[in-house]
Amino acid sequence: MRFVNREQELNFLNEKWRQNSAQLIIIYGKRRVGKTEISLQFAKSKPHLYFLCERIAAHSQLKKFTAAVGEYFKDEFLPQEGFKDWETVFKYIANKREKLAVIIDEFPYLAETDKAIPSTFQKAWDLHLKNSKVYLILLGSSISMMERTVLFYKAPLYGRRTGQFLIKPFKFKEAKKTHPEKTFDEVLAVYSIAGGTPLYLNKFRRKNYLDVVKEEILTKGQPLYEEVEFLLREELKEPRNYFVILEALSLGKHKLSEIINETGFDKGTTSRYISILDSLQITKKEIPVTEKIPEKSRKGIYIIDDNFFNFWFRLVFRNRSLLEENEISKVVSKVKEVMPQLLAENYEKISGEILLNSILSKKLPLEFETYGRWWDRNEEIDLIALNSRTNEILFGEVKWSNKPIGTNIYEGLKRKSQRVKWGKKNRKEYFALFSKAGFTPDMKKAAKKEGVYLFKKDKLVHLST
């Protein structure tokens with residue numbers, strides 16, 4: 001797998017390495033997001049010890065770790081049965097007085113086998129490691145477990161960590177870098193299916209996306225066929241109830257009342273399940289970007305924020321009977337039907353990122369604090385960007401269609417913009433249009449005259465000629 005664009009994460013780890021003190025770094029994030037690869041890329045040119053925890057008895061884990069320590073230090077006198085406890089093994093490492101990165105992967109597996117592990121690690125840190133040269137990294141894919149054992153203020157290791165990093169999936173710009181040979185349309189299709197998870201993105205190298213969907217996702221026995229079920233079972237005690245919520249969202253039930261009606265759960269149960277899915281970065285509550293107090297807004301809707309989960313529930317989960325009977329071609333036909341809608345949804349989703357990238361690359365002389373969607377009962381605007389400090393607002397319309405955007409779309413956007421109550425009097429307004437197929441000659445003339453920003457796919461259209 002090509003290692004792409006994790007400069008921020010590696011810079012963070014390397015900066016901590018350069019400090020002349022012991023480090024306890026927490027790295028966590030969703031499964032398959034690349035935590036292990038990041039830590040190994042960081043450590044490959046440094047003295048390091050890597051250990052992957054398993055779901056085996058605690059004493060067996062310690063025995064395996066002893067063997068790894070003995071092999072690293074070439075110490076044949078370490079007891080074959082292992083150290084008597086984790087505190088002792090960390091004391092041994094600390095007493096070596098060497099600068100050493102110790103990477104313990106899937107720390108939650110270790111904590112599951114022995115509830116005292118977080119307290120044991122706390123004691124080892126306080127007594128032996130904090131004054132050593134050890135650079136301890138704890139990795140975890142179970143976000144909920146990492147929070148309980150390490151990150152919450154009541155957790156034993158809370159206050160000991162010297163740094164933490166939540167590893168997030170790639171944004172679209174980063175996903176493009178994993179497929180430099182593909183066109184914008186091809187990458188958008190891949191991203192609409194795989195999202196920003198590196199492992200999934202890698203499946204689409206050098207192949208048509210429909211072939212990959214057929215061979216890797218819709219075929220019984222392939223890992224991605226049951227991937228979502230596996231991930232939910234890893235994180236949740238009663239995944240079947242969460243399946244009901246996610247299926248409702250995939251059916252377009254985005255308001256809390258709609259989800260309640262679809263699932264039959266009461267309001268408290270539904271809110272609790274969605275809150276947990278939010279914490280796992282599977283779903284997200286969207287609020288109109290202009291809301292002054294988002295947490296108190298009643299306009300929130302819920303969406304599946306993970307593209308792979310969204311695709312899986314729309315195409316795999318709903319068609320399980322067909323797939324179990326190996327009727328893959330029928331489901332591929334449904335994929336072809338759904339893809340235009342998925343492409344349109346995701347082009348809208350990444351429009352803010354496209355705008356931001358143009359600003360950061362100095363192609364646009366603008367600056368915004370935040371961006372997102374806006375809606376009221378009757379109208380919706382695909383993209384609004386705000387700068388409360390300068391009283392500036394940008395309105396954007398996004399169209400993934402084979403028809404070029406004409407002045408009618410622009411006039412409609414201007415009309416809708418007047419419904420948006422935000423900012424002080426005489427706010428400065430900007431307009432941007434995003435199009436798959438480009439723009440009509442009349443729209444280009446209007447854009448040049450009125451200073452409208454035009455984007456064809458992800459490229460800013462120059463109107464100087």
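**Inside a predicted model**

Me: Which residues of α4 are buried?
Reply: Buried means under 20% relative accessible area, exposed over 50%, and partly exposed in between (1.4 Å probe, protein chains only). Helices (H or I, at least four residues) and strands (E, at least two) are DSSP runs, numbered from the N terminus. The buried residues of α4 are W86, E87, V89, F90, Y92, I93 and A94.

Me: How many residues of helix α4 are buried?
Reply: This is a predicted model, so local features need pLDDT of at least 70 and side-chain atom pairs pLDDT 80 or more, while totals for chains, interfaces and linings use all residues. Residues are numbered from 1 along each chain as its sequence is written, and side-chain values use heavy atoms, without hydrogens and water. Helix α4 covers residues 86-95 and is largely enclosed by the rest of the structure, because its buried residues number 7 of the 10.

Me: What do the buried residues of α4 pack against?
Reply: Packing here rests on contact, meaning heavy atoms within 4.5 Å. The partners include both helices and strands. They are β2 (48-52), α3 (58-73), β3 (100-105), α5 (107-113), α6 (117-129) and β4 (134-140).

Me: Which residues touch the most other members of the largest nonpolar core?
Reply: A nonpolar core is a set of buried Ala, Val, Leu, Ile, Met, Phe, Trp, Tyr and Cys residues joined through side-chain atoms within 4.5 Å. The largest one has 113 residues. Its largest share, 12 residues, comes from α18. The members touching the most others are W86, F90, I93, F121, L218 and L394.

Me: Which residues is L394 in contact with, leaving aside its neighbours within four places in sequence?
Reply: L394 sits in strand β10, which spans residues 392-399. Set aside the residues within four places in sequence. The contacts left are L355, L366, F368, L383, I384, A385, Y430, A432 and Y453.

Me: In what order do the 6 strands of the open sheet lie?
Reply: Two strands pair if DSSP finds at least two bridges between them. The pairing in this sheet is mixed. β8 (370-375) and β13 (459-460) each pair on one side only, as edge strands. The order is β8-β9-β10-β11-β12-β13.

Me: Which residue in β11 stands opposite K399?
Reply: Strand β10 meets strand β11 (residues 428-435) over 8 bridges. The two pair in the parallel sense. Opposite K399 stands S435.

Me: Are the faces of β1 covered or uncovered?
Reply: Strand β1 takes in residues 23-28, and 6 of its 6 residues are buried. Q23, I25 and I27 lie on one side. L24, I26 and Y28 lie on the other, and both faces are covered.

Me: Which residue in β4 stands opposite L24?
Reply: β1 and β4 pair in the parallel sense over 6 bridges. β1 also pairs in the parallel sense with β5, over 4 bridges. In that second pairing, Y28 stands opposite L166. In β4, the residue opposite L24 is L136.

Me: What is the relative accessible area of R160?
Reply: R160 is in the loop between α7 (143-151) and β5 (163-166). R160 touches L24, Q122, W125 and D126, not counting residues up to four places away in sequence. R160 is partly exposed, and its relative accessible area is 25%.

Me: What separates the C-alpha atoms of R160 and D126?
Reply: Along the chain, these two are 34 residues apart. Yet R160 touches D126. Their C-alpha separation is 8.2 Å.
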